[in-house]
2 protein chains.
Amino acid sequence: MRLALEEAWKYQGLTYPNPAVGCCVVGEFGEILALEAHKKAGAPHAEVNALQQAYYKLTADETILHLELSDEIHTYLLEHHKNIFQKTTLYTTLEPCAHVGKTPSCASLITQLGIHKVYVGSKDSNRVAKNGNTLLEQAGILVENGILQESCDALLFPFQKTLEERFVFFKWAQRLNATTDDGIISSQASRKNVHAMRNVCDLLVIGGETVRKDRPTLDARLVGGKAPDVLIFSRQKEFDTTIALFNVAGRKVFIADNFSKLENYKNIMIEGGAQMYACTTEIVDYYLVYIAPSFGGKHAFAAVKRNFEILNVAKEDKDIIMWMK
Amino acid sequence: MRLALEEAWKYQGLTYPNPAVGCCVVGEFGEILALEAHKKAGAPHAEVNALQQAYYKLTADETILHLELSDEIHTYLLEHHKNIFQKTTLYTTLEPCAHVGKTPSCASLITQLGIHKVYVGSKDSNRVAKNGNTLLEQAGILVENGILQESCDALLFPFQKTLEERFVFFKWAQRLNATTDDGIISSQASRKNVHAMRNVCDLLVIGGETVRKDRPTLDARLVGGKAPDVLIFSRQKEFDTTIALFNVAGRKVFIADNFSKLENYKNIMIEGGAQMYACTTEIVDYYLVYIAPSFGGKHAFAAVKRNFEILNVAKEDKDIIMWMK
């Protein structure tokens, strides 16, 4: 489950409007057959990706590796499994879905493959997808709930928050010595990751001073993605509208000295420095920091006292990517 | 090999005078049977730990899990393996040892178990332990060298450096906003980790100002370990000798304004802040930083320009532990 969590966190922020989910399939003697995650909306669920890999490990049948669509993988597994999953165990950070959405139900797939036991982290309270555990139990599969539940709930929280209200995360990039000035800080891989997140955000919030100084575009060009709407947080309402961000097709730009516009959005990224940080502590759910392993610059990020809890830390190319709350 | 590397880095700094080594045993279809590391001198090598776990996964024979001594595990494996390893593959960050030291030779164990294929990261240039690959090849085992060699060499470097001359690493603890002042920064788990490293260091270098201000003991009491000798780097030679570090049994304390004393030592930790960092860049091999996920304090670590390369990053309890060069 620990490994499934780590795998899932790699795609946190990228799966909206779906949850980030990780899945690990383990063989008869505890050997790891597959470790996968849900990567983006419309792509196979974590369980389907993991069962695809596990099937390959157990059969060496490469045909399944060429399938990309969830329903193709489902169908292939159901037609070819020959009961090879009967001694396997599945760990999933979230209760397997019970409804047929963009992909067939994972709970039904698991029961039909005859998996021995399923360990579940978080329960699914999503009205249309829940009750996967019940389906499994009715089919005679052993189900154990609440495994590393606190960690699985923290992984699921952004999704839950978008269902109930909205999820707001604050992103910044800094050097090891906490500076945020003096040119480009993050590696190309980190910047691509930010663009991939912008691609699935529906609103991006940024400070007026940054807009005036950096004249940013704030799109997702590094991943060929769409540009989210922008809220410029500023008391002074006049901006030079030749600044790139004002001229992105299909984008709305708001200028306001408050956050009431957030009410119309679900998945919101705030990009900023020390000043934006101070203004937004009351509305931010999670923090996402990219740390470059370097010293340089002059102006440090924050001097205010604060304790965070690390939710996940990983190395991405040259930098650290860390989620906190 | 990537997983074996991560596992090994957890014990970097703790295995002296042995190298940090990681090992992964993989089954017939690519499933992971074991992922282990060498944890301290005198304890089983990474390969032995991994083969012990893999044996258990393949047989469900719990007896082997109760064995702790390397020669006991060797003997048990040789008597009970029944050729179950014939379709397994072993990944090791370092060429398996070919000599009988505190533990029997790993290369001989691997050949006798009839492992199918061995992937090796770094070659072993240690005069007494090398030529493990040759032993494997002579026994008909497939050997592939140089897998992720650059990363494996970076893992092995501290050991190589102690053989050739001495390994010097600089350790500091900071908050996310780079401050190093204002009381305890790191979690209890991080401080225990530092004490475990002190326990295997033979010399600890610290600045005179820190000694005067913090009056530290600089021992390894959190892990019940031994206290290393201390070099206080200071132009001013007079100290209040009631300061705890001067009164640790069996310890030598040197006070000097240069680093010539380092010549008599092999595994050296420098603990310090910005000033010590600036004075030691020419003699330091690796950097080890503990980052607490918090804001606070006033004085930031370093303003000088510098680019590091991250060698490994991991979460330890509440903090980040990161090795860089």
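**Cysteines of chain A and strand β6 of chain B**

C201(A) is buried, at a relative accessible area of 1%. The model analysed here is predicted. C201(A) takes part in no disulfide. Its nearest cysteine sulfur belongs to C279(A) and lies 20 Å away. A second cysteine, C152(A), is also counted as buried, because its relative accessibility is 1%, below the 20% cut-off. For C152(A), the closest cysteine sulfur is that of C23(A). The separation is 11 Å, which is too far for a bond; a disulfide requires two sulfur atoms within 2.5 Å. A disulfide is a covalent bond that joins the sulfur atoms of two cysteines. Across the whole structure, the search returns zero disulfides over all chains.

In chain B, strand β6 spans residues 167–175. The strand is mostly covered, and nine of its nine residues are buried. Side chains leave β6(B) in two directions. F167(B), F169(B), K171(B), A173(B) and R175(B) point one way. V168(B), F170(B), W172(B) and Q174(B) point the other way. Residues on both sides are buried, including K171(B) and R175(B).

Two strands of chain B pair with β6(B). Strand β10, residues 267–271, pairs with β6(B) in the parallel sense over five bridges. Within this pairing, V168(B) has I268(B) as its bridge partner. Strand β11, residues 286–292, also runs in the parallel sense with β6(B), here over seven bridges. In β11(B), Y287(B) stands opposite F170(B). Both V168(B) and F170(B) belong to the set that points the other way from F167(B).

Definitions and conventions:
Residues are numbered from 1 along each chain as its sequence is written. Chains are lettered from A and ligands numbered from 1 in the order in which they are written. This is a predicted model: local features need pLDDT of at least 70, side-chain atom pairs count only at pLDDT 80 or more; totals for chains, interfaces and linings use all residues. Side-chain values use heavy atoms; hydrogens and water are left out. Buried means under 20% relative accessible area, exposed over 50%, partly exposed in between (1.4 Å probe, protein chains only). Helices (H or I, at least four residues) and strands (E, at least two) are DSSP runs, numbered from the N terminus. Two strands pair if DSSP finds at least two bridges between them.
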